[in-house]
Structures are given as C-alpha cells and as structure tokens.
Amino acid sequence: MPRHILLATVGTTPQIVTEAVFFHKTCLDIQFDEIHVITTVPGRDALVRSLLGSARHPGNFGRLCKRLGIPYAHTRFSEQTITVLTGADESPLVDIRSSSD
C-alpha cells in the first residue's frame, strides 16, 4: 500500500498545509500518512501556534481532521516533522533574504 507524504515549504502562512490536506482529501480522496514542513523560525512558530495548538487548545489541523473524518493519529504531523532551515553559520534562519540563505 503506498504511503502518502506531504512535503511543503511554508513561510508565515501555515494555512497552505490545511488547504493541501483539504484538497487532497475532498478532491482526490488522498489521506496523508505524514506531513513534513520546511520553514523558518517565524514559520515554525506560526505552524505550531495555528495548526498544532496544544493539549488544552487543539489547533486548526486537528479541527480539520475531525471535519474531514480523518483520525487525528493517522497523520504524523508534529513539531518533529517541522524542519527549520539554517544559515551558513548553522543558526536557524529567521528570514530568507538572499540566495545565499
């Protein structure tokens, strides 16, 4: 059985992830097994705050899964699947300002 993995690059607008999940589930009947995101520090913070939420306040991703009938535990998507880009000095990027970043 094929695995479906969404790989997305995200700036500070994390809704691109939920839009992709919504489209693939409703239009193509594809349910992702994993979601991996490549982003910057502000992008990671926005993803965690908006999509992942917390134990007390579920994020938009959990609400979307419920709305679409996707078991929340089915899709591996967490802070561990969010990769923050690093600069030449190995420090996490806050913004991508040039091609050298």
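This briefing describes the fold, the aromatic residues, one helix and several individual residues of a protein chain. The model is predicted. The protein chain contains three helices and three strands, which follow one another in the pattern β-α-β-α-α-β along the sequence. Of its 101 residues, 37% count as buried.

**Overall form and surface**

- The C-alpha trace of the protein chain spans about 45 × 35 × 20 Å along its principal axes.
- Among the contacts in the protein chain with a separation of 6 or more, 70% are between residues 24 or more positions apart.
- The protein chain exposes about 6,500 Å², and carbon and sulfur atoms supply 55% of that area.
- There are 10 positive and 10 negative charges in the protein chain, and the mean positions of the two groups are 12 Å apart.

**The aromatic cluster**

- A pair of aromatic rings is described by the distance of the centres and the angle of the planes.
- The count of aromatic pairs comes to two.
- Phe61 and Tyr72 form a tilted pair, with 5.9 Å from centre to centre and 55° between the planes.
- Phe61 lies in helix α3 (residues 60–68) and Tyr72 in the loop between α3 and β3 (82–84), so this pair ties together parts that are 11 residues apart in sequence.
- The two partners differ in accessibility: Phe61 counts as buried at 1% relative accessibility, whereas Tyr72 counts as partly exposed at 42%.
- The rings of Phe61 and Phe77 have their centres 5.1 Å apart and their planes at 80°, so the pair is edge-to-face; the angle for that class must be over 60 degrees.
- Because Phe61 lies in helix α3 and Phe77 in the loop between α3 and β3, this pair ties together parts that are 16 residues apart in sequence.
- Both Phe61 and Phe77 are buried.
- Phe61, Tyr72 and Phe77 form one aromatic cluster.

**The two sides of helix α3**

- The buried residues of α3 are Phe61, Gly62, Leu64, Cys65 and Leu68.
- These residues cover an arc of only 160° around the axis, which means that they are on the same side of α3.
- An α-helix has 3.6 residues a turn, so residues three or four places apart point the same way.
- Lys66 and Arg67, on the other side of α3, are exposed.
- The buried residues of α3 pack against three elements, namely α1 (15–28), β2 and α2 (41–52).
- Gly69 follows α3 and has a positive phi, near 75°.

**Two buried residues, Val37 and Thr40**

- Val37 lies in strand β2 (residues 34–39) and counts as buried because its relative accessibility is 0%.
- Leaving aside neighbours within four places in sequence, Val37 is in contact with Ala8, Val10, Val17, Leu47, Phe77, Thr81, Ile82 and Thr83.
- Phe77, one of these contacts of Val37, is also a member of the aromatic cluster.
- Val37 and Pro58 are 21 residues apart in sequence, and their C-alpha atoms are 19 Å apart in space.
- Thr40 is found in the loop between β2 and α2 and counts as buried at 9% relative accessibility.
- Not counting residues up to four places away in sequence, Thr40 touches Val10, Val84, Leu93, Val94, Asp95 and Ile96.
- Val10 is among the residues in contact with Val37 and also among those touched by Thr40.

**Positive phi values outside glycine**

- Asp29 has a phi near 55°, a positive value in a residue other than glycine.
- Asp29 is found in the loop between α1 and β2 and counts as exposed at 59% relative accessibility.
- Glu90 is not a glycine either, yet its phi is positive, at about 70°.
- Glu90 lies in the segment after β3 and is exposed, with a relative accessible area of 60%.

Definitions and conventions. Residues numbered from 1 in each chain as written. Predicted model: local features only at pLDDT ≥ 70, side-chain atom pairs only at ≥ 80, totals over all residues. Heavy atoms only, no water. Helix = DSSP H or I, 4+ residues; strand = E, 2+ residues; numbered from the N terminus. Buried < 20%, exposed > 50% of the residue type's maximum accessible area, 1.4 Å probe, protein only. Contact = heavy atoms within 4.5 Å. Areas by Shrake-Rupley, 256 points an atom, 1.4 Å probe, with all protein chains shown as cover. Lys, Arg positive; Asp, Glu negative; His and termini not counted. Charge placed at Lys NZ, Arg CZ, Asp CG, Glu CD. Phe/Tyr/Trp six-rings, centres within 6.5 Å; stacked < 30°, edge-to-face > 60°. Arc of directions from axis to C-beta.
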